[in-house]
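Here are some short exercises on charged and aromatic side chains. Try each task with the viewer open, then read the solution.

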Amino acid sequence: MQKGGRSNPGGFLIEARRLDKSSAQSRVQSFDEITLKPTLETGQKQASRCTDCGVPFCQNACPLQNNIPDWLALSADGDLREAWKTASLTSTMPEICGRICPQDRLCEGACTLQQSGWDGVTIGSVEAWIADQAFENGWVEPIRPLAERDQSVAIVGAGPAGLASADRLRSAGYQVTIYDRHDRAGGLLMYGIPGFKLEKHIVQRRIDRLVEGGVQFVLNTSVGTDISMDALRNKHDAVLLAMGVYQARRLSILGCGPDDALPALDYLIAQNKRDLGDAVQADTAKGKNIVVVGGGDTAMDCVRTAIRQGATRVTCLYRRDRANMPGSAREVQNAEEEGVTFEWLAAPKALMSKGDTVNAVRAQRMALSEAGANGRREIVPVADSDFDIAAELVIEALGFEPENFAEQMDASLAMSRWNTIQVARGGFATSLEGVFAAGDAVRGASLVVWAVRDGQDAAAEIDRYLRARTEEAAA
């Protein structure tokens, strides 16, 4: 038999796109992942839908430039071990990206089938499936460097960029220590993304592999407070800053004090800690009317969490229409199936209170203007269109901004005009010798897959830097 994707180039005509999920009624009863794992038969069938097109737009749309057609063909043939090897060449986290990437905006959205009016290949679910098979069957090789190097690297931040970089640097033989302010490693993967999208044991087994491979974790440690940047630079030969951006944008409307609305990440962290078995004293949505303000994937995480906590009613308030929503269309569909109400083209105007307690959001209808010269349609308030939505808990999911990294770490650390860390053009070197930066700390709030890409690429640059220093010292 030939390669699976090549042996049946018309397979997409025979096999329908299929992504099995548990029913909405059952899945809202827990925080378990909602996507059901393919069987060998169904996994192969979905992989075989790949048309092996001459120009793989799916690969071009992937930030990691994954060799998608190759591992789809291997998966279609049932050669999952080779499919895994191919997938892991370009990604340190296939099982994670396969679960949480917004594939509808990336590889699957660019799939030739999708662009041609057919249903695209279920690339993400196949990617997660082959990676899960690799872990379950012992195909994931431990980190065993061919040679140990004396040089050490400090990584600040145990999120996706930091973990990806640690994997590549440790594999190259460097001594790697990751510093993180939380009590567990994983960053956004562990505390920001709900279990119904990414169960925590999936993240933990990646962390366990790093620990078993010799990566050291120093947790509950804030760089700039518990340990200085100078101390890190003196202790290590290179430093990678991969802290992410976690400062929430806050509502600025009438009646909204600092404690009247809850930042999305605070809300999500509390639930993830509960799922991990921690005792958490924080409000839940149980028995309440909930309004989430925002339209990104974080907003979808919040509304779907509130449903699972037993909210009476959950409303998502977004100022643009569905077509212009920044979040994944897949997540919006999941939220609708689970009972979330969407108020499109509506923006919060004020928080209404009864006594000292918020009990409603006053919103205003919005309209989109005609497209300007730049093609963008502006948001225009509609006169006399105010309406109230009952709300005992308001959650702000308006995005994230960088913290003041220079103030926290080193006043001479150059910053961009967006208050992200400034790096050399086309690279990851900061204004401080031997200090590099990657992920959201440089990009601003972005996708996990871009953080993984940046972490891997930064590791390669750090490797070149340290090898050059070794050669200079030997000269």
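Buried means under 20% relative accessible area, exposed means over 50%, and partly exposed lies in between (1.4 Å probe, protein chains only). This is a predicted model, in which local features need pLDDT of at least 70 and side-chain atom pairs count only at pLDDT 80 or more, while totals for chains, interfaces and linings use all residues. Residues are numbered from 1 along each chain as its sequence is written, and side-chain values use heavy atoms, with hydrogens and water left out.

**Exercise 1.** Find the partner of Asp 297 in a salt bridge, and work out which parts of the chain the pair ties together.

*Solution.* Start with the criterion: a side-chain nitrogen of Lys or Arg must lie within 4 Å of a carboxyl oxygen of Asp or Glu. Across the whole structure, a search finds 34 such salt bridges. For Asp 297 the partner is Arg 105, with 3.5 Å between the closest N and O atoms. Next, place both residues: Asp 297 lies in helix H17 (residues 297-308) and Arg 105 in the loop between helix H8 (94-100) and helix H9 (107-110), so the pair ties together parts 192 residues apart in sequence. Helices here are DSSP runs (H or I, at least four residues), numbered from the N terminus. Finally, check accessibility: Arg 105 is partly exposed, at 41%.

**Exercise 2.** Decide whether Glu 331 is buried or exposed, then look at its salt bridge with Arg 330.

*Solution.* Glu 331 has a relative accessible area of 5%, so it is buried. Arg 330 comes out at 23%, which makes it partly exposed. The closest N and O atoms of the two are 3.8 Å apart. Now widen the view: Glu 331 and Arg 330 belong to a network of salt bridges that also links Lys 21, Arg 27, Arg 304, Arg 308, Glu 337 and Glu 338.

**Exercise 3.** Describe how the rings of Phe 342 and Trp 344 are arranged.

*Solution.* Two numbers are needed, because a pair of aromatic rings is described by the distance of the centres and the angle of the planes. Rings of Phe, Tyr and Trp (its six-membered ring) pair if their centres lie within 6.5 Å; planes under 30 degrees apart count as stacked, over 60 as edge-to-face and the rest as tilted. The search of the whole structure finds four aromatic pairs. For Phe 342 and Trp 344, the centres are 4.8 Å apart with 10 degrees between the planes, a stacked pair. Phe 342 is buried, at 12% relative accessibility.

Note on methods:
Helices (H or I, at least four residues) and strands (E, at least two) are DSSP runs, numbered from the N terminus.
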